[in-house]
Amino acid sequence: MSVKQMFDLSGQTALVAGGGSGLGRLMALALAEAGANVVVCSRRLEVCEQVVKEVEALGRQGLALAIDVTDSEAVRQSVDKAISHFGKIEILVNSSGTVWEGPATEMPVEKWQGMLNTNVTGTFLMCQAVGKHMIENEYGRIINISSVIGDRGTDPEAVDSVGYTTSKGAVMTLTKDLAVKWGRHGVNVNSIAPGVFQTGMNDPEVPGTLVQKAGPIIASQIPVRRLGNENDLAGAVVYFASAASDYCTGQVLAVDGGFGAK
Ligand SMILES: NC(=O)c1ccc[n+]([C@@H]2O[C@H](COP(=O)([O-])OP(=O)(O)OC[C@H]3O[C@@H](n4cnc5c(N)ncnc54)[C@H](OP(=O)(O)O)[C@@H]3O)[C@@H](O)[C@H]2O)c1
């Protein structure tokens with residue numbers, strides 16, 4: 001197989017949870033550009049439908065589904081719908097996520113549970129529903145979105161969300177454990193740990209987000225001296241989704257401009 005063929009996703013189906021906005025949208029479009037048809041899902045059907053239009057403009061087929069990843073029955077039904085529409089799912093990207101900031105001493109238990117529910121339980125339920133189908137087909141590529149701050153502490157002045165960092169650490173461990181359990185079934189499970197990107201939950205226009213509060217200061221501390229942009233995750237997600245990463249599973253790839261190397 002040539003290197004170009006290895007990265008070609010033509011004829012495959014990717015499901016991107018959280019694909020209606022932010023990093024999920026960018027990864028959905030990168031997978032479509034590499035040849036995949038894409039199922040785009042999150043709770044807001046209308047934003048997913050918009051992304052499906054962008055997928056179709058790239059010459060691929062798309063399907064928008066409303067899904068709350070914390071609802072196991074809804075997850076199962078949506079995955080069944082996606083499979084009956086496209087026949088199979090080869091690629092799953094879990095980009096759904098939520099964050100709430102506040103001091104650890106004051107964090108309301110419902111905010112803590114909300115982050116763990118969406119970021120950890122939601123990722124697990126999606127892996128479980130799609131993974132079962134992938135195991136039956138003896139082929140699958142799962143990419144869970146964690147975070148570069150999922151395996152460390154952060155100064156409260158920078159990121160003050162112990163529920164978020166804890167949840168992202170759990171996503172890394174979930175990734176490694178499923179990789180070990182499912183590798184023998186042809187299902188690779190990897191994680192991308194983004195640094196700071198100016199999208200979605202880090203929108204520079206939204207008051208209170210990390211980038212709005214301290215974007216230039218953070219950029220000055222990143223070795224490549226900038227925040228992540230709309231192109232920076234495309235290569236990583238296509239790599240993990242494709243035959244180029246056949247011998248790579250259980251890995252966490254930081255795409256962070258070198259932040260985690262410090
Ligand atoms: N931006 C960054 O700098 C950064 C850095 C590291 C990691 N990340 C991670 O990257 C992922 C995407 O974040 P983002 O920056 O792109 O923010 P975003 O635009 O807010 O994306 C979060 C997505 O999750 C979906 N979502 C939230 N709760 C959900 C639920 N219960 N069920 C289904 N979908 C749900 C949202 O759609 P609905 O509201 O329509 O449900 C949205 O599409 C997250 O996991 C985040 O933790 C981001």
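Q: When I look at the shell around the ligand, how many nonpolar, polar and charged residues should I find by class?

A: Sort the neighbours by class, then count each group. This is a predicted model, and here the shell around the ligand holds nine nonpolar, 14 polar and four charged residues.

Q: Which of the residues around the ligand come nearest?

A: There are 27 residues around the ligand, and the ones that come nearest are Leu 23, Ser 42, Arg 43, Arg 44 and Tyr 164. Try picking out those five in the structure before you look at the others.

Q: What about polar contacts? Which side chain atoms of Ser 21 and Asn 202 should I look at, and what do they pair with?

A: Look for pairs of N or O atoms within 3.5 Å of each other. In Ser 21, an N or O atom of the side chain sits 2.8 Å from an oxygen atom of the ligand. Asn 202 also has a side-chain N or O atom 2.8 Å from a ligand oxygen. The backbone can take part too: a polar backbone atom of Val 69 is 2.9 Å from a nitrogen atom of the ligand.

Q: How much of the ligand's accessible area does the protein cover?

A: Start with the ligand on its own, which has 870 Å² of accessible area, and then ask what share the protein covers: it is 93%.

Q: And which elements give two or more residues to the shell around the ligand?

A: Those are helix H2 (22-33) and helix H6 (162-182).

Q: Let's leave the ligand. What volume does the second largest pocket have, and which helices each supply at least two residues of its lining?

A: The volume of the second largest pocket is about 200 Å³. Helix H4 (72-86) and helix H5 (109-137) each put at least two residues into the lining. Among the lining residues are Ser 72, Arg 76, Asp 80, Leu 125, Lys 132 and Glu 136. Counted by class, that lining is made of five nonpolar, three polar and four charged residues.

Q: Is Ser 191 buried or exposed?

A: The idea is to compare relative accessible area with a cut-off, and buried means under 20%. Ser 191 is at 0%, so it counts as buried. You'll find Ser 191 in strand S6 (residues 187-194).

Q: What do the polar contacts of the Ser 191 side chain look like?

A: Its side chain joins that of Ser 146 in a polar contact of 2.8 Å. A polar atom of the Ser 191 side chain also lies 2.8 Å from the backbone oxygen of Asn 144.

Q: Where is Gly 150, and is it buried or exposed?

A: Gly 150 sits in the loop between strand S5 (140-145) and H6. Its relative accessibility is 12%, so Gly 150 counts as buried. Being far along the chain doesn't tell you the distance in space: Gly 150 and Gly 260 are 110 residues apart along the chain, with their C-alpha atoms separated by 10 Å.

Q: What should I notice about phi at Glu 138 and Arg 225?

A: Check the sign of phi and then the residue type. Glu 138 has a positive phi of about 55°, although it isn't a glycine. Arg 225 isn't a glycine either, and its phi is positive at about 65°.

Q: Where are these two, and are they buried or exposed?

A: Exposed means over 50%. Glu 138 lies in the loop between H5 and S5, and at 60% relative accessibility it counts as exposed. Arg 225 is in the loop between helix H7 (210-221) and helix H8 (234-241). With a relative accessible area of 54%, Arg 225 is exposed as well.

Note on methods
Residues numbered from 1 in each chain as written. Predicted model: local features only at pLDDT ≥ 70, side-chain atom pairs only at ≥ 80, totals over all residues. Heavy atoms only, no water. 1 Å grid on protein atoms, 1.4 Å probe; cavity = no way out; pocket = protein on both sides within 12 Å on 5 of 7 lines; lining within 4 Å. Points joined across faces, edges and corners; volume = space filled by probe spheres on them. Helix = DSSP H or I, 4+ residues; strand = E, 2+ residues; numbered from the N terminus. Nonpolar A, V, L, I, M, F, W, Y, C, P; charged D, E, K, R; others polar. Near = heavy atom within 4 Å. Polar contact = N/O pair within 3.5 Å; in protein donor to acceptor, adjacent residues only side chain to side chain. Areas by Shrake-Rupley, 256 points an atom, 1.4 Å probe, with all protein chains shown as cover. Buried < 20%, exposed > 50% of the residue type's maximum accessible area, 1.4 Å probe, protein only.
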